[in-house]
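The exercises below are meant to be worked through with the sequence and the model side by side. Try each task before reading the solution that follows.

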Amino acid sequence: MWEQEHQKELRDSFRYELLNGGPENFVSPVRRIICGGCGNIFYTRVPIKKYCNDKCAKRGIWRHKRELRLEKRKDTICKTCGCTFTPKRSDAAYCSNACRQKAYRQSVTDDAKRLK
């Protein structure tokens with residue numbers, strides 16, 4: 001909370017530290033960070049801070065989790081036509097609605113043949 005209200009002073013301290021020997025000469029140096037949630041620049045003395053506020057932290061964590069899920073979804077082969085596609089869902093088996101319906105119709109006709 002204090003950081004959000006005193007960004008101007010932190011920015012001035014950051015510039016002062018750069019001009020006077022770098023941050024390694026100070027006990028708790030001011031860091032210039034690009035927020036992982038909104039992309040704005042902010043200044044902090046907290047060594048592990050990545051986000052400018054709680055709202056951006058939630059947004060950044062959600063974005064990171066979404067990217068991890070996208071990486072896990074590798075290219076899949078359609079069960080009907082055999083083409084390679086990137087599924088929108090992790091359990092997708094068909095590349096399109098047309099292929100899904102074609103597979104369903106095929107299974108219905110196979111069931112009907114077995115009953116005869």
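**Salt bridges**

The side chains of Asp111 and Arg114 meet in a salt bridge, with N to O at 3.2 Å; the term stands for a side-chain nitrogen of Lys or Arg within 4 Å of a carboxyl oxygen of Asp or Glu. This is a predicted model, in which local features need pLDDT of at least 70 and side-chain atom pairs count only at pLDDT 80 or more, whereas totals for chains, interfaces and linings use all residues. Residues are numbered from 1 along each chain as its sequence is written, and side-chain values use heavy atoms, with hydrogens and water left out.

**Exercise 1.** Work out how Asp111 and Arg114 are placed in helix H4, and find how many salt bridges the whole structure holds.

*Solution.* Begin with the helix, where helices (H or I, at least four residues) and strands (E, at least two) are DSSP runs numbered from the N terminus. Asp111 and Arg114 lie three residues apart in H4, residues 97-115, so about one helical turn separates them. Next consider accessibility, for which buried means under 20% relative accessible area, exposed over 50%, and partly exposed in between, with a 1.4 Å probe and protein chains only. Asp111, at 38%, is partly exposed, and Arg114, at 64%, is exposed. Finally, a search of the whole structure gives three salt bridges. One of them joins Asp12 and Lys8 at 3.7 Å, N to O, and these two residues are four apart in helix H2, again about one helical turn. Another joins Arg89 to Asp91, whose closest N and O atoms are 3.0 Å apart; Arg89 is exposed at 55%, and Asp91 is exposed at 52%.

**Exercise 2.** Check the span of helix H2, then determine which of its residues are buried and what they pack against.

*Solution.* The expected span of a helix is 1.5 Å times one less than its number of residues. The 13 residues of H2, residues 7-19, should therefore span 18 Å, and the end C-alpha atoms are indeed 18 Å apart. Turning to burial, Leu10, Phe14 and Glu17 are the residues to mark as buried in H2. Seen down the helix axis, the buried residues of H2 fall within an arc of 65 degrees, so they line one face; the arc is that of the directions from the helix axis to the C-beta atoms. The face of H2 turned away from this buried side carries exposed Lys8 and Leu19. As for neighbours, the buried residues of H2 pack against helix H1 (2-5), strand S1 (31-34) and strand S2 (41-44), where contact means heavy atoms within 4.5 Å.

**Exercise 3.** Describe how strands S1 and S2 are joined and what lies between them.

*Solution.* Two strands pair if DSSP finds at least two bridges between them; S1 and S2 run antiparallel and are joined by four bridges. Among the partners, Ile34 is matched with Ile41 in S2. The two strands form a hairpin with six residues between them, and Gly39 in the turn has a positive phi of about 85 degrees.
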